[in-house]
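Visitor: I have just opened this entry and would like to learn how to read it. Could you walk me through its features one at a time?

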Amino acid sequence: MTFSILIRGMLIVFPLALVAGEPLTDASLTAWVDQRIKECEPKPEERRFDEIGWVQSSREAERLAKEHERPVFLFTHDGRMGIGRC
Amino acid sequence: MRAGPLSDPKVISLLNAYFVPVYISNEDYDERGSAPKEEKKEHDRIYHQALEAKLSAGTVHVYILTPEGKVLDSRHVAKAAEPGEVARLLESVVGKLKTPPGEPLARPAPQSAPKGASPGSLVLHLTARGKGCSWEDFPSESWIVLERAQAAKLLPPGEAVPGSSWDIYPGVSESILTHFFPQTENNDASPKRILEQSLKANLICVKDGVAHARVEGKVKLKHNFYPGRDDGRLVEAAVTGYVDFEPAVGGTPGRVRSLRLVTGKATYGPGTISVSVRSM
């Protein structure tokens with residue numbers, strides 16, 4: 001029981017200590033950085049937008065619409081939606 | 001929109017099967033924008049035709065055009081973002097036009113990708129997330145391309161000796177650190193916003209011809225949430241990472257194999273941010 005609590009305590013304290021800015025050793029640097037990158041980078045569910053077959057310009061969309069008799073879905077926005085800067 | 005209807009499997013399926021989907025940035029369509037003249041003219045036509053048809057029209061908007069290019073319907077972004085609204089709109093259009101289903105007319109592809117990277121350049125992918133200071137539905141990204149000569153300035157000016165340290169050339173570090181900000185309405189990433197910045201490398205070891213150096217640094221920059229509205233917000237971040245590289249030998253310049261950076265303690269205005277940078 002006591003051992004279990006101790007282990008849990010270590011698991012909780014260790015990453016907090018790193019985040020709180022305690023010195024990282026050179027040996028643990030690479031693994032720590034790589035893990036932080038993995039946590040930060042976009043997840044598949046945040047990239048669903050990529051599953052849509054986007055056309056590159058409105059005139060190209062209109063050309064394809066006419067050729068294939070499909071309606072156009074046009075979204076106009078501020079910023080850069082593709083990179084989440086919007 | 002991206003985190004809402006445009007991530008909804010039903011909307012994705014409808015767009016791919018029945019529509020020609022396209023999104024455009026208003027920045028490209030204003031007077032100084034990079035869109036071709038004909039594209040800008042067409043954009044104006046759609047906007048004015050929507051108004052003439054007594055449909056909603058605006059800058060952040062969904063427009064539905066018939067296969068002949070006539071504006072059939074539209075939605076303001078606030079309305080379009082309501083749950084189920086875009087799916088209902090698309091289904092109604094398909095029903096009205098009796099459009100048969102088919103394959104997507106353009107192959108779905110990652111919408112976040114680097115542009116203009118020449119051979120030998122170092123391409124960096126940056127991800128930034130804000131908490132309590134930004135929209136949090138998905139992260140923002142930046143692609144940073146360092147030409148070969150710029151990338152070389154990440155490396156030591158002299159011999160790669162374990163224990164040695166060097167300051168990364170400020171002109172190179174600022175081109176990375178200037179992108180350390182979360183999702184905001186303001187996308188100005190110019191280095192002139194930087195108040196303080198530094199990246200310093202310390203060589204840990206050289207093994208099998210590859211040097212491994214620890215990188216530490218910081219950035220403090222001014223970044224308003226809305227463009228042109230001075231709110232005094234600052235990004236303040238500690239940066240940690242590493243660079244693996246082939247040291248210069250004789251006349252052969254050194255080459256970066258991998259650069260990885262992350263923020264430690266990092267804040268933006270009232271919230272916190274986390275940023276990662278990874279060479280591709």
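**Reading the salt bridges**

Guide: Gladly! Over all chains, the count of salt bridges comes to 23. Please keep in mind that this is a predicted model.

Visitor: How do I recognise a salt bridge, and where is one in chain B?

Guide: Look for a side-chain nitrogen of Lys or Arg within 4 Å of a carboxyl oxygen of Asp or Glu. In chain B, the side chains of Glu42(B) and Arg45(B) form such a pair, with 2.6 Å from N to O.

Visitor: Why can Glu42(B) and Arg45(B) be described as about one helical turn apart?

Guide: Because Glu42(B) and Arg45(B) are three residues apart in helix H2 of chain B, which spans residues 37–52.

Visitor: Is Glu42(B) buried or exposed?

Guide: The cut-off to remember is that buried means under 20% relative accessible area. Glu42(B) has 13%, so this residue counts as buried. Its partner Arg45(B), at 28%, counts as partly exposed.

Visitor: Which residues form a salt bridge of 4.0 Å in chain A?

Guide: That one links the side chains of Glu51(A) and Arg48(A), at 4.0 Å from N to O. Glu51(A) is partly exposed, with a relative accessibility of 40%, and Arg48(A) is partly exposed as well, at 32%.

Visitor: Which residues of chain B are joined into one network by salt bridges?

Guide: Start with Arg75(B) and Asp73(B), whose side chains meet at 3.0 Å, N to O. Asp73(B) is buried, at 15% relative accessibility. Through salt bridges that share partners, Asp73(B), Arg75(B), Glu85(B) and Arg88(B) make up one network.

Visitor: Now the sheet. How do I follow the order of its strands?

Guide: Step from each strand to the one it pairs with. In chain B this gives E5-E4-E11-E10-E9-E8-E7-E6, an open sheet of eight strands with antiparallel pairing. At the edges are strands E5 (140–146) and E6 (165–167) of chain B, each pairing on one side only. From one strand to the next, the twist averages 15°.

Visitor: How many bridges join E9(B) to E10(B)?

Guide: There are eleven, between strand E9 (residues 234–246) and strand E10 (residues 255–268) of chain B, and the two run antiparallel. To see one of the bridges, find Ala237(B) and its partner in E10(B), Ala266(B).

Visitor: What do E10(B) and E11(B) form together?

Guide: A hairpin, with two residues between the strands. Five bridges pair E10(B) with E11(B), residues 271–279, in the antiparallel sense. Tyr268(B) stands opposite Gly271(B) in E11(B). In the turn, Gly269(B) has a positive phi of about 50°.

Visitor: And at the edge strand E6(B), what should I look for?

Guide: Three bridges join E6(B) to strand E7 of chain B (residues 194–207), again antiparallel. There, Asp167(B) has Lys200(B) in E7(B) as its bridge partner.

Visitor: Which helix of chain A packs on the sheet?

Guide: Helix H2 of chain A, residues 26–40, which touches E4, E7, E8, E9, E10 and E11 of chain B. The direction of this helix makes about 70° with that of E10(B). From chain B itself, helix H6 (residues 170–177) lies across E4, E5, E7, E8, E9, E10 and E11, running at about 110° to E7(B).

Visitor: What else can I read about chain A?

Guide: Follow the chain from its N terminus and you meet its elements as α-α-α-β. Chain A has 86 residues, of which 43% count as buried. The chain exposes about 5,000 Å², with carbon and sulfur atoms supplying 62% of that area.

Conventions: Residues numbered from 1 in each chain as written. Chains lettered and ligands numbered in written order. Predicted model: local features only at pLDDT ≥ 70, side-chain atom pairs only at ≥ 80, totals over all residues. Heavy atoms only, no water. Pairing = 2+ DSSP bridges. Helix = DSSP H or I, 4+ residues; strand = E, 2+ residues; numbered from the N terminus. Buried < 20%, exposed > 50% of the residue type's maximum accessible area, 1.4 Å probe, protein only. Axes fitted to C-alpha atoms, helices over the stretch in contact; angles between N-to-C directions. Contact = heavy atoms within 4.5 Å. Areas by Shrake-Rupley, 256 points an atom, 1.4 Å probe, with all protein chains shown as cover.
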